[in-house]
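Colleague: I've just opened this one and I'm finding my feet. Could you walk me through it?

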Amino acid sequence: MAINASYAGREYAPTDPYQVGRAKVRELAAATAATQPVHHDLVAARAAGYTDLVASPTFAVIIAQAAEAQLIEDPDAGIDFSRVVHADERFTHTRPIVAGDEITTVLHVDSITERAGLAMVTTRCELYGDATLSDHVATVRSTLAVRGENA
């Protein structure tokens with residue numbers, strides 16, 4: 001099945017909130033060698049003016065990928081995840097993500113371009129720290145390269 005190009009421009013409903021936990025903040029910081037004390041030490045984070053541990057900037061991808069599952073798991077989208085490679089990932093933060101945040105995400109399919117058996121699917125996840133979508137936290141832009149059956 002080919003990628004459904006009509007999905008370009010689609011916006012999904014807001015996700016259920018993702019609860020940012022201290023353990024996950026610490027796990028990603030350790031996995032990515034983010035050694036700043038604000039990622040690991042609650043006292044240091046509070047001394048720096050934060051309410052809790054600060055997630056490293058790439059933490060946003062964990063939340064974004066959960067939202068992108070709406071597209072990947074939609075059978076009508078025509079995306080075979082076994083043929084997907086991440087081509088690009090970009091982050092723009094409005095404020096840091098901290099443990100205790102409840103992040104609601106809105107997924108946008110910005111574009112779908114297909115050439116020579118390769119589809120490039122660009123998504124944008126807008127992350128908000130509230131259910132009313134007024135506390136913008138970050139934007140995560142992802143481009144997925146999806147190989148066609150003959151590629």
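Colleague: Let's start simple: how many helices and strands does the chain have?
Modeller: Keep in mind that this is a predicted model. Reading along the sequence, you meet the elements in the pattern β-α-α-α-β-β-β-β. That secondary structure comes to three helices and five strands.

Colleague: Since it's predicted, what average pLDDT does the chain have?
Modeller: Going element by element, strand 2 (residues 84–93) has the lowest mean, 93, and helix 2 (residues 42–47) has the highest, 98. Over the whole chain, 98% of the residues score at least 70. The chain average is a pLDDT of 94.

Colleague: How do the strands fit together, and in what order do they lie in the sheet?
Modeller: Strand 3 and strand 4 run antiparallel and are joined by eleven bridges. Strand 4 and strand 5 are also antiparallel, again with eleven bridges, while strand 1 pairs with strand 3 in the antiparallel sense over two bridges. Put together, the five strands make an open sheet with the order 1-3-4-5-2.

Colleague: Which strands stand at the edges of that sheet?
Modeller: The order in the open sheet is 1-3-4-5-2. The two edge strands have a single partner strand each, so one side of each is left without a neighbour in the sheet. They are strand 1 and strand 2.

Colleague: I'd like some landmarks on strand 4. Which residue in strand 5 is the bridge partner of Leu118?
Modeller: Strand 4 covers residues 118–128. On its strand 3 side, Thr122 stands opposite Ser111, Arg124 stands opposite His108, and Leu127 is the bridge partner of Thr105. On the strand 5 side, the partner of Leu118 is Arg147.

Colleague: And between strand 3 and strand 4, which residue in the turn has a positive phi?
Modeller: Strand 3 and strand 4 form a hairpin, with two residues between them. One residue in that turn has a positive phi of about 50°, and that is Ala116.

Colleague: How many residues of strand 4 are buried?
Modeller: Take Thr123, which sits in strand 4. Its relative accessible area is 1%, and the cut-off for buried is under 20%, so Thr123 counts as buried. Strand 4 is largely enclosed by the rest of the structure, because the buried count among its eleven residues is eight.

Colleague: Which side chain does the side chain of Thr123 join in a polar contact?
Modeller: Leaving aside neighbours within four places in sequence, Thr123 is in contact with residues including Leu71, Val109, Val140 and Glu68. One of these also makes a polar contact with Thr123, side chain to side chain, at 2.9 Å. That partner is Glu68.

Colleague: Glu68 is in helix 3, right? Which strands do the buried residues of helix 3 pack against?
Modeller: Yes, Glu68 is one of the buried residues of helix 3, along with others including Ala64, Ala67 and Leu71. An α-helix has 3.6 residues a turn, so residues three or four places apart point the same way. The buried residues of helix 3 pack against strand 1, strand 2, strand 3, strand 4 and strand 5.

Colleague: How far apart are the end C-alpha atoms of helix 3?
Modeller: Helix 3 runs over residues 60–72, which makes 13 residues. It bends by about 25° at Ala66. At 1.5 Å a residue it should span 18 Å, and the distance between its end C-alpha atoms agrees: 18 Å.

Colleague: Now Val109 in strand 3: how far is it in space from Ala8, C-alpha to C-alpha?
Modeller: Val109 is in strand 3, and it counts as buried because its relative accessibility is 1%. Its contacts beyond four places in sequence include Tyr7, Ala8, Gly9, Leu71 and Thr123. Val109 and Ala8 are 101 residues apart in sequence, yet in space their C-alpha atoms are separated by 5.3 Å.

Colleague: Last one, for the whole chain: what percentage of the residues is buried?
Modeller: The C-alpha trace spans about 55 × 35 × 20 Å along its principal axes. Among contacts between residues at least 6 apart in sequence, 69% join residues at least 24 apart. Of the 151 residues in the chain, the buried share is 42%.

Technical notes:
Residues are numbered from 1 along each chain as its sequence is written. This is a predicted model: local features need pLDDT of at least 70, side-chain atom pairs count only at pLDDT 80 or more; totals for chains, interfaces and linings use all residues. Side-chain values use heavy atoms; hydrogens and water are left out. pLDDT is the predictor's confidence in each residue, from 0 to 100. Helices (H or I, at least four residues) and strands (E, at least two) are DSSP runs, numbered from the N terminus. Buried means under 20% relative accessible area, exposed over 50%, partly exposed in between (1.4 Å probe, protein chains only). A polar contact is a pair of N or O atoms within 3.5 Å; within protein, one must be able to donate a hydrogen and the other to accept it, and residues adjacent in sequence count only if both atoms are side-chain atoms. Contact means heavy atoms within 4.5 Å. The expected span of a helix is 1.5 Å times one less than its number of residues. The bend at a residue is the angle between axes fitted to the seven residues ending there and the seven starting there. Two strands pair if DSSP finds at least two bridges between them.
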